[in-house]
Amino acid sequence: MNEKSCSFHNEKELRDGQVESMCAGCSPPYDADNSAPLAFRGLPISELKNHSILRALTAEADGWEPGVVSAEVLRAQEEWEAVDNIQPETGSQASSDQPGQLISFSEALQHFQTVDLSSFKKRIQPTIRRTGLAALRHCLFGPPKLHQGLREERDLVLTIAQCGLDSQDPVHGRVLQTIYKKLTGSRFDCALHGDHWEDLGFQGANPATDLRGAGFLALLHLLYLVMDSKTLLMAQEIFRLSRHHIQQFPFCLMSINITRIAIQALREECLSRECNRQQKVIPVVNSFYAATFLRLAHIWRTQQKTISDSGFVLKDLEVLAKKSPRRLLKTLEIYLARVSKGQASLLGAQKCSGPQAPHSKDLTFTGVCDLLPHSSEGTWLI
């Protein structure tokens, strides 16, 4: 009797010891402050159902099955099973056509190189028509003609300037989203229509309405400015200047006018010499656009210009840019070299320390298209 009793007690102690050791091995450590299991802390919710402890707790014990499963239990079980399928939202998307992914200038340009633009190409006028003394003067003293092998690239630039913004085209949407994110620092997408575009310097809630005379090339130029690491700082500086509480101006609208100047300089063959030298057209036009925008910002800041001066500043800038494109390009080259060395930019120390002004709908902006041209060479037909 005593032997059986002892054997019984020994077996019971052995089983209790095994249970305690197994529980001690399974139980996660606890935080002394809030008694939260440290094993679960920082664990993604989608991984909880795969944790060994939770699997042990939810496993069926000894083949037990509930007699009746309520609708609430089934619904909860379906929701729990769906946890693995929930993907966190991130800035990048798997598909390159998703608006959430930033787009580079080269990728956007490749899009236009591959789509059919024949209907738009019919509208372009590659060079301006000159008659009389203007034609003679240009023949004798004007810039050289663009090399034959570069004319197709020139025509592509002018054709893109004929294309409008198509909100149904994923690439167009990504270009807009990239410009918005780079200028504002936002990591999230925004609507393609809305008042937030006025904060960037468009005239209204729909950027497409401001592209007159420059087309999608105006957006490609902005994209080039913000996606090129060498010019991004310049874009951000000019954007800050555009929000100065006194010297504010609509940034994107000003940029569109700079693109118009670049288009005219290309058509009037003012860039032909530099294009022939580099054996490229698009990079020269991009650099000329950036250099002209930099020059405008320098004039605007140093001469204390305001929105009422915009039309005259742009017109004088147009004359300077067409007359001395190489000088502007050299200035840009010096600026970028100084930026790469971490030195002060040509815009100087920012004196825009006053409160930044929100975009005002009451601003009256005069662009180059709103002023009468000097002569027949100043026509704005693309």
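Which helix does L176 lie in? L176 lies in helix α9, and this briefing works outward from there. Keep in mind that the model is predicted. Overall, the protein has 17 helices and 0 strands, and a search of the whole structure turns up 2 cavities of 30 Å³ or more.

**The big picture**

- The protein has 382 residues, and 41% of them count as buried.
- Take the contacts with a separation of 6 or more: 75% of them come from residues 24 or more positions apart.
- The accessible surface of the protein adds up to about 21,600 Å². Carbon and sulfur atoms account for 54% of that surface.

**L176 and its helix, α9**

- L176 is buried, with a relative accessible area of just 2%, and the cut-off for buried is under 20%.
- Leaving aside residues up to four places away in sequence, L176 touches L165, L192, W197, P207 and L219.
- L176 and L220 sit 44 residues apart in sequence, and their C-alpha atoms are 9.5 Å apart in space.
- The length of α9 is as expected: its 15 residues should span 21 Å at 1.5 Å a residue, and its end C-alpha atoms are 21 Å apart.
- The rest of the structure largely encloses α9, because 12 of its 15 residues are buried.
- Those buried residues of α9 are V171, H172, G173, R174, V175, L176, Q177, T178, I179, Y180, K181 and L183.
- The cover over the buried residues of α9 includes α5, α10 (196-199), α11, α12 and α13.

**Helix α11**

- α11 has 13 residues and runs 19 Å from its first C-alpha to its last, close to the 18 Å expected at 1.5 Å a residue.
- Most of α11 is covered, with 12 of its 13 residues buried.
- The buried residues of α11 are G215, F216, L217, A218, L219, L220, H221, L222, L223, Y224, L225 and V226.
- The elements covering the buried residues of α11 include α5, α8, α9 (170-184), α12 (229-242), α13 (251-267) and α15.

**The second largest cavity**

- The second largest cavity has a volume of about 50 Å³.
- Its lining is made up of F105, L109, V157, I160, L217, L220, H221, I282, V285 and N286.
- Four helices each put at least two residues into that lining: α5 (105-114), α8 (151-160), α11 (215-227) and α15 (282-302).
- By residue class, the lining of the second largest cavity has 8 nonpolar residues, 2 polar ones and no charged ones.
- L220 ties some of this together: L220 is one of the lining residues, is among the buried residues of α11, and pairs with L176 at the 9.5 Å C-alpha distance.

**R295 on α15**

- R295 is located in helix α15.
- With 27% relative accessibility, R295 counts as partly exposed.
- Not counting residues up to four places away in sequence, R295 touches L317, L320 and L328.
- The C-alpha atoms of R295 and L332 are separated by 8.6 Å, and the two residues are 37 apart along the chain.

**Loop residues worth a look**

- I246 lies in the loop between α12 and α13. I246 counts as exposed, because its relative accessibility is 53% and the cut-off for exposed is over 50%.
- The C-alpha atom of I246 is 7.1 Å from that of T306, a residue 60 positions away along the chain.
- E269 is in the loop between α13 and α14 (272-278). Phi of E269 is near 65°, a positive value in a residue other than glycine.
- Despite its loop position, E269 counts as buried, at 6% relative accessibility.
- Q304 sits in the loop between α15 and α16 (310-323). Q304 is not a glycine, but has a positive phi of about 55°.
- Q304 counts as exposed, at 53% relative accessibility.

Definitions and conventions:
Residues are numbered from 1 along each chain as its sequence is written. This is a predicted model: local features need pLDDT of at least 70, side-chain atom pairs count only at pLDDT 80 or more; totals for chains, interfaces and linings use all residues. Side-chain values use heavy atoms; hydrogens and water are left out. On a 1 Å grid over the protein atoms alone, a cavity is a set of points where a 1.4 Å probe fits but cannot get out, and a pocket is an open set with protein on both sides within 12 Å along at least five of seven lines; lining residues have an atom within 4 Å of a point. Grid points are joined across faces, edges and corners, and a volume is the space filled by probe spheres set on the points. Ala, Val, Leu, Ile, Met, Phe, Trp, Tyr, Cys and Pro count as nonpolar, Asp, Glu, Lys and Arg as charged, and the others, Gly among them, as polar. Buried means under 20% relative accessible area, exposed over 50%, partly exposed in between (1.4 Å probe, protein chains only). Contact means heavy atoms within 4.5 Å. Accessible areas come from the Shrake-Rupley method with a 1.4 Å probe; for residues, only the protein chains shown count as cover. The expected span of a helix is 1.5 Å times one less than its number of residues.
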